[in-house]
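Student: Could you walk me through this one? I'd like to go feature by feature.

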Amino acid sequence: MKFLTTLLLVMPFWTLSAENVTRDFEWKDATVYFLITDRFCNGDTCNDVNYGRRTDYGSEQMNAATFHGGDLAGIRKKAEEGYFKQLGIDVVWMTDVYEQIHGWMSGSGEINDFPHYGYHGYYSFDYTQLDKNYGTSEELRALVDTLHAQGIRVMLGANLNNPGYPTLLDAVQYNFATTGVSETSAAEHIPDWSYDKFYEDRGKWNGWYDRGWIRMPDELWDESNPLEATLYGLPDFKDESNEPVKIPEFLRLKWKSEGHDNDKWINPTAAKLRGDLAMSPMQHLIGWISAWVEEYGIDGFRCDIVENVRVERWKELSDACNQALSRWRQRHPDDPASKWTSDFYFTGDIDPTGIEYREEYSKAGFGSMVNCYFPKSGDLDAITYVWQAYADSMAAHEDWHPFSYLNNSYHRDALQDNMADCATSLLLAPGAVQIFYGDESGRELSDARFNVDSAQAYRSDMNWASSDSTLLRHYSTLGGIRKAHPAIGRGRQEMIDEHTCARLLPEDTVVIALRPEPGKSIHVKPYFEDGMAVENLYTGEISIVQAGKVLFDAGGGNVAVVARAQ
């Protein structure tokens with residue numbers, strides 16, 4: 001009896017009425033779950049410490065950007081428990097799993113108040129293998145296969161603009177710069193260390209990326225030009241160059257010293273690209289990144305720092321990924337994902353941007369840009385007009401759609417005391433939508449909010465032990481309704497009144513009523529005929545249409561989603 005009670009707390013009513021409804025997948029209305037791999041779930045404590053990194057500095061503030069133990073095994077565990085299916089998820093977007101810089105960076109730039117490691121996947125060190133903190137090659141393969149078997153696509157990140165910061169620990173381990181410190185000292189946080197002074201000497205370093213790969217201090221380049229700017233002091237790849245470059249010596253040394261002991265973490269397809277192949281910097285990067293598609297069957301990328309890279313390079317990466325995905329499908333005929341026919345998916349960030357159509361990026365393979373302007377207040381009195389603009393935009397551009405979010409790894413903008421209405425506004429929106437891990441469970445900020453770089457607090461550990469069951473149920477119910485009814489995400493919208501609208505596809509019709517008043521009928525004419533049995537999908541209640549209206553006794557969630565009863 002206890003098990004049944006627990007099940008009813010987390011399983012939404014919609015599953016009883018929508019279990020026979022099928023929905024063909026399209027990226028344009030996907031429900032995406034975005035998680036930070038290191039923060040989501042620790043499935044294997046044996047891989048928590050690697051490369052000489054320190055993970056515990058004694059307080060939550062100092063540990064704001066250390067590795068916390070989340071890994072691929074943990075994500076797979078939650079997938080096997082049905083967590084993503086419960087939420088109606090179509091796509092799991094994980095932060096980059098490539099091997100990250102070994103050492104730390106200044107936590108808040110010049111104010112070096114905490115050590116900042118590459119736990120988030122944005123500071124790539126070696127694109128040809130996984131970071132050992134995340135797991136092995138076979139664990140990634142098993143995770144992707146598990147998600148694919150559930151009909152869930154997998155997204156990773158792709159960045160052509162820069163590698164990760166060079167750190168003291170990396171310099172000592174691979175001898176590309178004079179540091180004056182031992183490996184033990186380099187692994188410890190040094191509050192008065194200056195990255196800017198260290199990086200100024202990169203032109204004198206021997207064995208790191210040379211001037212064929214990145215911009216050097218003595219070269220003429222325009223810091224005001226996004227295509228040449230050194231973003232946040234990160235090394236800037238020369239994406240304009242077509243000149244062949246040799247593999248940096250530090251990577252040669254790394255690969256040689258690791259030998260076959262590292263085979264468990266190597267991407268076999270990327271390993272074939274470890275030599276001097278007379279390729280430009282971008283050709284190397286495109287080869288390494290697309291190798292993850294060919295080896296594991298990755299379905300899409302969120303492209304980072306899009307405007308800082310030439311559009312034609314993104315087009316080259318898109319073409320390479322589509323070819324790689326085609327090869328993966330041909331080589332895995334028994335995998336359910338081999339039957340999928342959608343192209344490789346690209347979305348990206350140009351901050352700030354909204355839903356405006358960007359033709360040059362559409363031609364380069366993008367289906368969207370992440371929508372920074374989705375309302376974050378949960379104002380249900382105004383959201384139908386926003387939805388109308390989104391639906392109209394989708395109708396005008398078949399190859400472009402909104403990709404909206406409430407919170408992400410850089411912004412915590414949604415009103416935390418109104419997350420239920422925020423979820424309603426997002427999960428019933430036209431276009432693709434992104435849930436940031438923990439939005440559905442009431443995950444709170446960490447003490448990193450007291451640091452100068454308070455954004456690290458947005459990336460706190462997933463709150464499995466303190467999940468808000470009421471909020472989770474709301475997300476699950478809406479996610480299930482969205483998954484069962486394609487009209488919600490990709491249908492044409494018609495306004496009924498400021499709180500009520502219809503979404504229409506030839507095969508599916510729903511009416512969405514916000515803030516439905518107890519005892520007051522909902523207008524459903526001409527979408528549902530008099531005498532027709534319809535269902536409030538949120539509560540499961542059945543009612544009969546009379547005089548173009550329908551009345552439900554039960555309410556909940558500040559929303560009613562009306563569809564023909566099954």
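Tutor: We'll go through pockets, salt bridges and a helix in turn.

Tutor: Keep in mind that this is a predicted model, where local features need pLDDT of at least 70, side-chain atom pairs count only at pLDDT 80 or more, and totals for chains, interfaces and linings use all residues. Residues are numbered from 1 along each chain as its sequence is written, and side-chain values use heavy atoms, with hydrogens and water left out.

Student: OK, pockets. What volume does the largest pocket have?

Tutor: The largest pocket has about 1,000 Å³. A pocket here is an open set of points on a 1 Å grid over the protein atoms alone, with protein on both sides within 12 Å along at least five of seven lines, and lining residues have an atom within 4 Å of a point; a cavity is a set of points where a 1.4 Å probe fits but cannot get out. Grid points are joined across faces, edges and corners, and the volume is the space filled by probe spheres set on the points.

Student: And which residues are closest to the centre of the largest pocket?

Tutor: Tyr123, Leu231, Tyr232, Leu234 and Tyr410, out of 42 that line the largest pocket. The elements giving two or more residues to that lining are β4 (105-108), β5 (111-116) and α9 (195-200). Helices (H or I, at least four residues) and strands (E, at least two) are DSSP runs, numbered from the N terminus.

Student: Which element gives the most to the lining?

Tutor: β4, with 4 residues. By class, the lining of the largest pocket has 18 nonpolar, 15 polar and 9 charged residues. The classes are Ala, Val, Leu, Ile, Met, Phe, Trp, Tyr, Cys and Pro as nonpolar, Asp, Glu, Lys and Arg as charged, and the others, Gly among them, as polar.

Student: Staying on β4, is Ser108 buried or exposed?

Tutor: Ser108, which is found in strand β4, has a relative accessible area of 16%, so it counts as buried. The cut-offs are under 20% for buried, over 50% for exposed and partly exposed in between, with a 1.4 Å probe and protein chains only.

Student: What does Ser108 touch?

Tutor: Asp113, Phe114, Val452 and Asp453, not counting residues up to four places away in sequence. Contact means heavy atoms within 4.5 Å.

Student: What about cavities, how many of 30 Å³ or more?

Tutor: The count comes to 2. The largest cavity holds about 50 Å³ of space, and its lining residues include Ile101, Phe125, Trp208 and Phe250. That lining has 9 nonpolar, 2 polar and 1 charged residues.

Student: Switching topic: how many salt bridges does a search of the whole structure find?

Tutor: There are 41, taking a salt bridge as a side-chain nitrogen of Lys or Arg within 4 Å of a carboxyl oxygen of Asp or Glu. One of them joins Arg53 and Asp131 at 2.7 Å, N to O. That pair links distant parts of the chain, 78 residues apart: Arg53 is in the loop between α3 (37-40) and α4 (72-80), and Asp131 in the loop between β6 (124-130) and α6 (137-149). Both Arg53 and Asp131 are buried.

Student: Got one inside a helix?

Tutor: Try Arg313 and Glu316, at 3.2 Å, N to O. They are 3 residues apart in helix α13 (residues 311-331), so about one helical turn separates them. Arg313 is buried at 7% relative accessibility, while Glu316 is partly exposed at 32%.

Tutor: Another is Lys363 with Glu359, at 3.3 Å, N to O. Both lie in helix α14 (residues 359-363), 4 residues apart, about one turn of the helix. Here Lys363 is exposed at 58% relative accessibility, and Glu359 is partly exposed at 43%.

Student: Which residues do salt bridges that share partners join into one network?

Tutor: Glu26, Lys28, Asp29, Glu398 and Arg490.

Student: Last topic, α12. How many of its residues are buried?

Tutor: Of the 16 residues in α12, 15 are buried. Helix α12 (residues 281-296) reaches 24 Å from its first C-alpha to its last, close to the 22 Å expected, where the expected span is 1.5 Å times one less than the number of residues. Gly297 follows α12, with a positive phi near 80 degrees.

Student: And Glu294, what is it in contact with?

Tutor: Leaving aside neighbours within four places in sequence, Glu294 contacts Thr269, Ala324, Arg327, Trp328 and Arg331. Glu294 is found in helix α12 and is buried, with a relative accessible area of 14%.
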